[in-house]
Amino acid sequence: ALVAAFDEVVGRYNALLEAAFRIDGYLSCLVAEDVRDEAASAAASEWRQIKAGMARLAPRFTAWIGQIDIDALAARSKMANAHLPTLRRIRTAARHLMPAGEEALAAALAPSGASAWMRLRDDLAGRATVRIALDGEEQELPLSDAGNLRYHADRSVRQRAHEALAAAWREIGVPLAAALNGVKGEQLALSRRRGWGDPLDQALFDNAIDRQILDAMFTAIREAFPDYQRRLRIKARLLGLPALAEYDLDAPVGEAMPWPYATSRRFIVETFSAASPKLGALAERAFVEGWIDAEPREGKDAGGFSTGVGGDESRIFLNYLPVYDQMGVLAHELGHSYQNVAVHERGRTPLQAPPDDVPSPLGFPMTLAETASTICEALVQRAARERATPAQEIAILDGWLQSFSSLVFGIYARFILEREVFARRAERELSPSELEAIMRGAWQEVAGDAIDPATISGSDWTKPHFFLDTLWYYNFPYAFGVLFAVGLLAARDANPDGFNERFDGLLADSGMTDAADLAARFGLDLRAPAFWRTSLDAYRADVARYEALAEGEG
């Protein structure tokens with residue numbers, strides 16, 4: 001009777017999650033393609049309420065699995081045996097459940113609690129504007145457009161935008177601090193009630209790693225602070241400055257290569273095909289079958305993403321401009337689509353590979369969600385540099401190093417902030433000025449004197465990721481993701497035989513297996529700082545090449 005009940009429940013649960021995944025992907029695309037579409041926004045709002053109802057199923061299912069001898073069940077049920085790694089993780093999660101009534105109440109209150117604080121943050125940021133003099137006249141810009149001025153070639157424009165943005169964030173700092181205190185207060189209460197010793201413990205479990213892995217990674221990152229600071233000083237010399245200001249981090253250097261969309265299409269397909277015929281075929285299919293909404297247009301949302309829409313199909317959303325960075329973004333999002341194909345080809349169910357933004361017993365580990373996308377971005381970066389002049393290569397390398405630095409060293413600074421926020425929020429609420437001071441101090445710990453401390457605004461605490469209602473410690477998974485991907489790429493370079501097949505297996509199993517076990521398939525030990533040092537050695541080599549180009553030795 002238990003086998004029959006289990007097989008029926010899991011079969012129906014997987015079907016429900018698959019349908020929800022398709023609807024969620026469709027509505028995400030519909031809203032993003034025209035933010036003025038009130039009918040789409042209304043449907044998305046209705047869908048959020050339905051998902052809140054679905055969220056009440058997850059703890060009930062988790063509690064049920066926690067009461068079952070899953071190894072005995074797996075010996076009698078093919079369905080249970082196929083899901084055994086997932087069931088073991090769910091059983092661990094079951095030990096951290098509140099009583100059923102409390103879990104149901106938490107799910108019902110979520111849209112009016114931390115989720116509402118998160119939406120308030122986004123609404124405040126979306127409505128805020130800055131006034132800045134551009135091209136001889138004062139203009140009023142939304143914060144997103146003003147933020148894009150950090151790429152401007154004119155340093156005075158970058159500085160004015162930076163100062164205007166810092167002032168704008170301070171102006172809405174009181175309600176933003178209230179929102180952050182609300183989100184972190186709820187997360188602390190739920191973590192404690194569910195028996196986690198620290199919110200970080202829950203975040204580590206959700207991301208399929210442990211403290212030993214996190215400590216090993218952070219040890220290697222701290223050791224590389226001097227390399228990051230060296231890179232900053234090289235860029236300062238390129239710009240003719242004694243030291244970089246915070247608003248100089250994204251300043252353009254070198255000569256930009258033109259990347260029309262048609263050129264990017266050919267280049268990505270060729271580069272991917274050279275690395276993996278299956279990867280190249282996926283890219284070609286995405287272009288041919290019209291998976292990609294690339295054109296900028298009025299009413300279209302900003303940003304970029306890839307979302308599954310059922311089966312092995314995805315849709316890719318971006319606002320393409322003919323520059324290298326956008327070619328890299330396109331390659332990155334195609335990597336996400338490739339992971340979706342790998343999951344489908346291996347027959348993974350939604351419980352084994354949890355879909356994004358759909359409530360299920362386990363979420364997809366953020367640590368492993370960026371593996372394919374980061375490797376795809378690294379592949380096109382390497383190939384683009386091979387065909388570039390020295391002036392063009394330094395521009396490409398500068399962009400890659402800035403992205404890498406932001407995702408590793410910048411993320412470390414934000415981890416310091418979030419750790420401190422949780423510690424202090426356990427005692428009291430934090431003020432806007434206090435949050436700003438913590439963020440400024442964290443940045444100075446990482447960058448030293450390679451960034452002029454007088455120019456560090458400390459406004460990074462307003463980043464949307466800190467306000468995410470269902471994520472504890474959003475930050476370290478990004479550093480893990482980029483370093484894990486670079487480390488895998490080094491393993492591929494050292495031993496390419498059979499790598500692609502094993503890599504597809506890693507992508508397919510990332511939602512159901514701990515990261516350490518996945519890495520062990522490649523002979524890699526994530527609990528040893530040596531693995532992470534290897535990844536950062538690739539960064540050091542790129543910094544050395546950057547310096548050679550800066551000194552005209554390329």
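Trainee: When do two strands count as paired?

Mentor: Two strands pair if DSSP finds at least two bridges between them. The model discussed here is predicted, and the pairing is read from its atoms. The number to look for is therefore at least two bridges.

Trainee: What is the strand order in the open sheet of three strands?

Mentor: The pairing in this sheet is mixed. β3 (292-293) and β4 (305-308) stand at its edges, and each has a single partner strand, so one side of each is left without a neighbour in the sheet. The order is β3-β5-β4.

Trainee: Which residue in β5 stands opposite Ile 292?

Mentor: β3 pairs with strand β5 (residues 314-317) in the parallel sense. Two bridges make up this pairing. Opposite Ile 292, in β5, stands Ile 316.

Trainee: Do β1 and β2 run parallel or antiparallel, and which residue in the turn has a positive phi?

Mentor: Strand β1 (residues 129-134) and strand β2 (residues 137-142) are joined by six bridges and run antiparallel. Within this pairing, Ile 132 stands opposite Gln 139 in β2. The two strands form a hairpin with two residues between them. The turn residue with a positive phi, about 55°, is Asp 135.

Trainee: Which residues make up the covered face of β1?

Mentor: The two faces of β1 are set apart by their cover. Thr 129, Arg 131 and Ala 133 belong to the uncovered face. The covered face consists of Val 130, Ile 132 and Leu 134.

Trainee: Is Gln 392 buried or exposed, and why?

Mentor: Gln 392 is placed in helix α20 (residues 390-425). Not counting residues up to four places away in sequence, Gln 392 touches Glu 255, Met 257 and Arg 387. The cut-off for burial is under 20% relative accessible area. Gln 392 has 12% relative accessibility, so the residue counts as buried.

Trainee: How far apart are the C-alpha atoms of Leu 430 and Asn 181?

Mentor: Leu 430 is found in the loop between α20 and α21 (432-447), and counts as buried because its relative accessibility is 4%. Leaving aside neighbours within four places in sequence, its contacts include Ala 177, Asn 181 and Val 421. Leu 430 and Asn 181 are 249 residues apart along the chain. Their C-alpha atoms are separated by 6.8 Å.

Trainee: How many of the residues of α22 are buried?

Mentor: Helix α22 (residues 476-494) reaches 27 Å from its first C-alpha to its last, close to the 27 Å expected at 1.5 Å a residue. The helix is mostly covered. The count of buried residues is 15 of 19.

Trainee: Which elements give two or more residues to the lining of the largest cavity?

Mentor: The whole structure holds two cavities of 30 Å³ or more, and the largest has about 130 Å³ of space. Its lining has 14 residues, and Ser 276, Leu 279, Ile 375, Asn 500 and Phe 503 lie nearest the centre. The lining divides into ten nonpolar, two polar and two charged residues. The elements asked for are α19 (371-386), α22 and α23 (499-509).

Trainee: What is the volume of the second largest cavity?

Mentor: The lining of the second largest cavity includes Asp 206, Met 366 and Trp 472. Its residues divide into four nonpolar, two polar and one charged. The volume is about 30 Å³.

Terms used: Residues numbered from 1 in each chain as written. Predicted model: local features only at pLDDT ≥ 70, side-chain atom pairs only at ≥ 80, totals over all residues. Heavy atoms only, no water. Helix = DSSP H or I, 4+ residues; strand = E, 2+ residues; numbered from the N terminus. Buried < 20%, exposed > 50% of the residue type's maximum accessible area, 1.4 Å probe, protein only. Contact = heavy atoms within 4.5 Å. Expected span 1.5 Å × (residues − 1). 1 Å grid on protein atoms, 1.4 Å probe; cavity = no way out; pocket = protein on both sides within 12 Å on 5 of 7 lines; lining within 4 Å. Points joined across faces, edges and corners; volume = space filled by probe spheres on them. Nonpolar A, V, L, I, M, F, W, Y, C, P; charged D, E, K, R; others polar.
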